[in-house]
Amino acid sequence: MKTTHSLKTTVSLLLIFLTCLFALERIMPRAIINESVPPQEFSMVRALDHLKIISEKPHFVSSSAHEEVREYLVAELEKLGLEVEIQEAEVLGQKNRAGTKVRNILARIEGSEPGKALMLLSHYDSEVSTSFGASDAGSGVVVILESLRAFLEQGIHPKNDIIILISDAEELGLLGAQAFVDKHPWSKDVGLVLNFEARGSGGPCLMFVETNEGNEKLIQAFNEFNASRPFSNSLFYSVYKLLPNDTDLTVFRKNANVQGYNFAFIDDHFDYHTAQDNYERLDRNTLQHQASYLMPALAHFSMADLNDLSADSDLVFFNFPGAGLISYPFSWVLPM
């Protein structure tokens with residue numbers, strides 16, 4: 001009798017262990033570090049080439065390396081055939097009263113039809129200390145650069161304008177995003193923001209929506225672009241709102257009522273804002289996971305109707321291995 005019980009316990013534990021392994025395996029893609037990737041696809045090799053240059057030195061606001069990184073990013077965007085604008089503005093922060101002169105990097109791809117624009121967003125300044133800024137937020141910057149290159153290589157003309165904002169002075173209090181939202185005429189054109197961030201140097205890239213209203217349309221739209229390995233649930237945003245950290249997307253939500261998606265990773269959080277946030281420690285699989293969101297999102301939202309993504313109702317949602325994102329109305333919670 002005791003032997004049978006012990007066997008059942010062992011088998012149950014083994015099944016739980018194997019289920020957890022399967023779930024973890026399904027969360028993150030494996031980085032494809034291969035020179036022979038077709039030009040129409042995201043290349044980890046090219047993304048890492050950018051990252052190595054960007055994260056060579058700490059590049060906080062007012063440092064000489066900060067200027068070098070800005071010049072490099074401008075040159076790379078121009079290589080893609082884009083006209084680049086530097087928005088210069090004096091900004092006093094709303095959150096911590098810090099102030100500085102920001103220099104945002106801006107570019108725009110013209111769409112074929114009128115309507116709201118899609119914004120790709122990350123920041124290029126590193127934290128004001130010894131951080132090399134490879135994850136926070138060099139990862140987001142290079143994913144945007146390389147995804148844009150692959151998207152343009154496909155020769156698809158988008159219906160919607162695509163605005164690229166590589167913001168400045170995020171680490172001082174989201175000052176670059178504030179300057180854009182409050183002072184740049186393009187801010188009124190933005191219908192949806194895809195923001196890439198990091199609070200660590202590895203782990204799965206999670207998605208959480210940021211909205212002033214219901215999330216129903218955003219979750220439905222997320223399912224439509226069919227990310228290969230989504231990692232998200234409705235609890236993430238509830239926890240995020242309790243934390244002291246905001247992202248550039250928060251400024252869009254609060255100051256302009258523009259909603260969007262944050263894509264961020266938080267494992268190895270002890271590397272955050274330290275000298276360990278460097279090129280060597282950034283998990284390549286994590287970088288591939290970010291790209292696995294942006295490439296299909298670009299294809300979908302460059303063509304989708306972005307004029308009205310507001311909703312009155314919320315969905316409860318979570319990812320399940322092999323089944324994508326599962327969702328149901330919040331009104332079902334009590335009956336269930």
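**Reading helix and sheet packing**

User: Which strands does α9 lie across?

Analyst: This is a predicted model. In it, α9 lies across β3, β4, β5, β6 and β7. Relative to β5, α9 runs at about 175°.

User: What describes two packed helices?

Analyst: Two values do: the angle between the axes and the distance between them. Take α4 (residues 134-153) and α9 (residues 284-301) here. Their axes come within 9 Å and cross at roughly 45°. That angle makes α4 oblique to α9. The crossing is right-handed.

User: Which residues of α4 and α9 meet?

Analyst: On the α4 side, they include Val142, Val143, Ile144, Leu148 and Phe151. On the α9 side, Leu287, Leu294, Met295 and Leu298 are among them. By class, this contact has 12 nonpolar, 4 polar and no charged residues.

User: Now the sheet. How do strands of a sheet pair?

Analyst: They pair through backbone hydrogen bonds, either parallel or antiparallel. In this model, 7 strands form an open sheet with mixed pairing. The order is β1-β2-β4-β3-β5-β7-β6. β1 (84-92) and β6 (206-210) are the edge strands, each pairing on one side only. From one strand to the next, the twist averages 20°.

User: How many bridges join β3 to β4?

Analyst: There are 6, and the two strands run parallel. β3 covers residues 117-123 and β4 covers residues 162-167. His123 stands opposite Ser167 in β4.

User: Which strands does α8 touch?

Analyst: Helix α8 (residues 248-256) packs on the sheet and touches β3, β4, β5, β6 and β7. Its direction makes about 135° with that of β3.

Note on methods:
Residues numbered from 1 in each chain as written. Predicted model: local features only at pLDDT ≥ 70, side-chain atom pairs only at ≥ 80, totals over all residues. Heavy atoms only, no water. Axes fitted to C-alpha atoms, helices over the stretch in contact; angles between N-to-C directions. Helix = DSSP H or I, 4+ residues; strand = E, 2+ residues; numbered from the N terminus. Parallel < 35°, antiparallel > 145°, perpendicular 65-115°, else oblique. Left-handed = near helix turned anticlockwise from the far one by under 90°. Contact = heavy atoms within 4.5 Å. Nonpolar A, V, L, I, M, F, W, Y, C, P; charged D, E, K, R; others polar. Pairing = 2+ DSSP bridges.
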